[in-house]
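Visitor: I am new to this structure and would like to learn how to read it. Could we go through it feature by feature?

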Amino acid sequence: MYTGKTEKACCLCGNPDTKTRLDLPPRAVPLLKHAEPIAWRDIVGEVSIYFCAADWETVRDLVLETGMSPLSRCNVAHASFDLREDFEALLNDVRDEPDHSDLEAEMLADADGILENPEDPYVEERDVVEARVVQWVFEDTEAEA
């Protein structure tokens with residue numbers, strides 16, 4: 001079974017024709033809809049969610065104008081991420097959980113940098129939305145860290 005990252009459909013409506021992707025830290029998974037059975041600590045690298053053109057406009061407005069996170073409405077079944085290999089089942093060997101600290105520190109620093117200077121000509125609107133959602137992920141999951 002392939003557990004690698006692939007492009008998925010819109011996480012809100014399931015439309016396979018997507019326009020925009022947001023990359024989030026693994027700790028975002030529990031904030032997504034239907035995420036209960038997924039052990040987010042077994043995810044290697046970032047989690048990507050995709051939006052179709054119509055839903056992207058809604059997400060943009062929700063984040064930038066209303067100040068709300070769209071994650072609770074996003075179906076984790078349409079998220080793209082890599083799971084670590086299940087060595088316990090294959091080799092009867094126990095491996096450590098992936099260490100997310102470097103990835104999380106980098107994603108949070110990038111988000112903070114973007115939001116400190118959103119008028120930078122090299123910063124796109126998508127970058128600002130992604131940065132704000134990343135910050136909310138850390139705020140919402142701070143107690144779980």
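Visitor: How many bridges join β1 to β2, and do the strands run parallel or antiparallel?

Guide: One caution before the strands: this is a predicted model. β1 and β2 run antiparallel, and five bridges join them. One of the pairings is between L24 and V47, the latter being in β2.

Visitor: Where do these strands come in the order of elements along the protein chain?

Guide: Read the elements from the N terminus: β-β-α-β-α-α-α. That gives four helices and three strands in the protein chain.

Visitor: Is β1 enclosed or open?

Guide: To judge this, count the buried residues, where buried means under 20% relative accessible area. Four of the five residues of β1 are buried, so the strand is largely enclosed by the rest of the structure. For the whole protein chain of 145 residues, the buried part is 38%. The accessible surface is about 8,500 Å², and carbon and sulfur atoms hold 47% of that surface.

Visitor: Which residues touch the most other members of the largest nonpolar core?

Guide: They are I49, F51, L71 and V133, in a core of 32 residues. At least two residues of this core come from each of β1, β2, α1, α3 and α4. The largest share is that of α4, with eight residues.

Visitor: What does I49 touch, leaving out residues up to four places away in sequence?

Guide: The list is C11, T20, R21, L22, L24, L32, L71, C74 and A79. L71 appears among these contacts, and L71 is also one of the core residues that touch the most other members.

Visitor: How do I read an aromatic pair, and how many does a search of the whole structure find?

Guide: Look at the distance between ring centres and at the angle between the planes. The search finds one pair. F51 and W56 form it, with 5.9 Å centre to centre and 45 degrees between the planes, which is a tilted arrangement. F51 is buried because its relative accessible area is 0%. W56 also counts as buried, at 5%.

Visitor: Does the length of α4 agree or disagree with what its residue count suggests?

Guide: The expected span is 1.5 Å times one less than the number of residues. For the 17 residues of α4 this gives 24 Å, and the end C-alpha atoms are 25 Å apart, so the two agree.

Visitor: Is α4 mostly covered or mostly open?

Guide: A helix repeats, which helps in reading its sides. An α-helix has 3.6 residues a turn, so residues three or four places apart point the same way. In this case the helix is mostly covered, with twelve of the 17 residues of α4 buried. Among them are V129, V133, W136 and V137. The buried residues of α4 pack against β1, α1 and α3.

Visitor: Which residues does D127 contact, beyond its neighbours within four places in sequence?

Guide: D127 contacts I114 and Y122. D127 sits in α4, which covers residues 125-141. Its relative accessible area is 15%, so D127 is buried.

Visitor: How far apart in space are M107 and V134?

Guide: Position along the chain and position in space are separate readings. M107 and V134 are 27 residues apart along the chain, yet their C-alpha atoms are separated by 7.4 Å. M107 lies in helix α3 and is buried, because its relative accessibility is 12%. Leaving out residues up to four places away in sequence, M107 touches D23, L24, P25, E46 and V134. Across the protein chain, 76% of the contacts with a separation of 6 or more join residues 24 or more positions apart.

Visitor: What is the phi of H34?

Guide: The sign is the part to read. Phi of H34 is near 65 degrees, a positive value in a residue other than glycine. H34 lies in the loop between β1 and β2. With a relative accessible area of 48%, H34 is partly exposed.

Visitor: Where does A77 lie?

Guide: A77 belongs to the loop between α1 (53-66) and β3 (80-83). A77 counts as partly exposed because its relative accessibility is 49%. A77 is 28 residues from I49 in sequence, with 9.8 Å between their C-alpha atoms.

Methods
Residues numbered from 1 in each chain as written. Predicted model: local features only at pLDDT ≥ 70, side-chain atom pairs only at ≥ 80, totals over all residues. Heavy atoms only, no water. Buried < 20%, exposed > 50% of the residue type's maximum accessible area, 1.4 Å probe, protein only. Contact = heavy atoms within 4.5 Å. Areas by Shrake-Rupley, 256 points an atom, 1.4 Å probe, with all protein chains shown as cover. Phe/Tyr/Trp six-rings, centres within 6.5 Å; stacked < 30°, edge-to-face > 60°. Core = buried A, V, L, I, M, F, W, Y, C linked by side-chain atoms within 4.5 Å. Pairing = 2+ DSSP bridges.
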